Amino acid sequence: MNKQEAILEYTLRIADDSLLLGHRISEWCGHGPILEEDIALTNIALDLIGQATNFFDYAAKVQGEGKTCDDLAFLRLEREYKNVLLVEQKNGHFGDTIARQFFFDVFRKLFFESLSKSTDQDLAAIAEKSLKETRYHLKHSSEWIIRLGDGTQESHDKIQGSVDYLWKFTDELFFMDQVDELLIKENIAVDLTALKANWKSYISEIFQEATLNIPTNGWQQAGGRKGLHSEHMGYALAELQYMQRAYPNMQW
Amino acid sequence: MVKKEKIWELLEQVFDPEVPVLNIVDLGIVRTVEMNDHTCKVTITPTYSGCPAMKTIEEEIQKLFQENDIEVEIESTLSPAWTTDWISENGKNKLREYGIAPPENEVDKSVLFAEATVVPCPLCKSKNTKMVSLFGSTACKAHYQCNECLEPFDYFKCLR
């Protein structure tokens, strides 16, 4: 693998995380528990899709095959998507969505803080831009974790259940392989091992306030970064890709 | 050759489709104007990554410059990232008159339990207001309500 291939793969991983989570949250449009929350979730979805667009644009440029952002977002096969399993998980109930978002937001804030110092000017610029939005997302999901956890017995039990279920997908956020190793040497990629302690301590702080427990179950599920997805991915892609598959090259 | 001032004047006639009271110069998204012999290059930056207004704004610039027989090249840049500090004083006054509270100096958003920012009501000027939601009708706004006159209003949230 050369440097160009590594940057392409690295950029697609970030883009796919944003795309799939943006798509998932957009499914809440019209279904939010209250109007303000419906608007909040769709706003966050819009930010994530916007970030995905910027990363895909850059990936297409690095690839240099004349493909567009849309080709990369809509016309790849399931195994070519490299997002983590966490972001493709179903919305479930509102607590499931918030727990998924919270784990991701904490990671993303730390990740973009580091990526904005990358020696790759394009990645650094997109990260700097995305970071400002991610801070709002994190504030939003943190407040909900506290409100649900320290709310009624029912909300507490439900959000603890969501946290317990999704915990097994959190280790994969810190997955690294030769792509990362190659790019870390050039100060392009972020060394994710360095972020993990901060990720966990932020989560502990919020969970304490929320009267929630960090799961102790050690089993972790991974595969997304290698293109091996959960069964939910196919359904998400079916909806995401329908238009371009049914009417190739259509525009509006 | 067209003067640079003329280009800026023209750009002041292009408005943000989502906040129609602000032109794109007041909004601070026009970063640079460069002049060549017969063409000019305008560099703009998005407010938010997924701002759906960017495309419309580019089209509006193209259309207006075409009407004025000026060839324009539009470039979009992400860095440095847009901040609400770039909204002009003039722009902030226009927002207030329009019923949108302009961005206030906010503390670092990474501090979760910091004291809430006081956002005065753009209508009755009362400082007794409450945040209804961090997210509002567009990516750049939050939703507030005045506790005195009870009017719900948009707050152009601080982005730094």
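Contact here means heavy atoms within 4.5 Å. Keep that cut-off in mind for the first stop on this tour of a predicted model, where local features need pLDDT of at least 70, side-chain atom pairs count only at pLDDT 80 or more, and totals for chains, interfaces and linings use all residues. Residues are numbered from 1 along each chain as its sequence is written, chains are lettered from A in the order in which they are written, and side-chain values use heavy atoms, with hydrogens and water left out.

**Stop one: chain B against chain A**

Colour the two chains and select what touches: 29 residues of chain B meet 30 residues of chain A. About 2500 Å² is buried between them, with carbon and sulfur atoms giving 66%; buried area is the accessible area (1.4 Å probe) that two parts lose on being put together, summed over both. On the chain B side you'll find 15 nonpolar, 10 polar and four charged residues (Ala, Val, Leu, Ile, Met, Phe, Trp, Tyr, Cys and Pro count as nonpolar, Asp, Glu, Lys and Arg as charged, the others, Gly among them, as polar).

Don't hunt for salt bridges between these chains: the count is zero, taking a side-chain nitrogen of Lys or Arg within 4 Å of a carboxyl oxygen of Asp or Glu. There are, though, 10 residue pairs in polar contact, both at pLDDT 80 or more (a pair of N or O atoms within 3.5 Å, one able to donate a hydrogen and the other to accept it, and residues adjacent in sequence counting only if both atoms are side-chain atoms).

**Stop two: inside chain B**

Now select B 4–82 as domain 1 and 98–156 as domain 2, bounds that come from an automatic or database domain assignment. Their C-alpha centres are 28 Å apart, and the contact takes eight residues from domain 1 and seven from domain 2.

These domains bury about 620 Å² between them, 82% of it on carbon and sulfur atoms. Show B:E18, B:V19 and B:Y48 as sticks: this trio supplies 56% of the area that domain 1 buries against domain 2, more than any other three residues. The touching side of domain 1 has seven nonpolar residues, no polar ones and one charged. Across this interface, salt bridges number zero, as do residue pairs in polar contact (both at pLDDT 80 or more).
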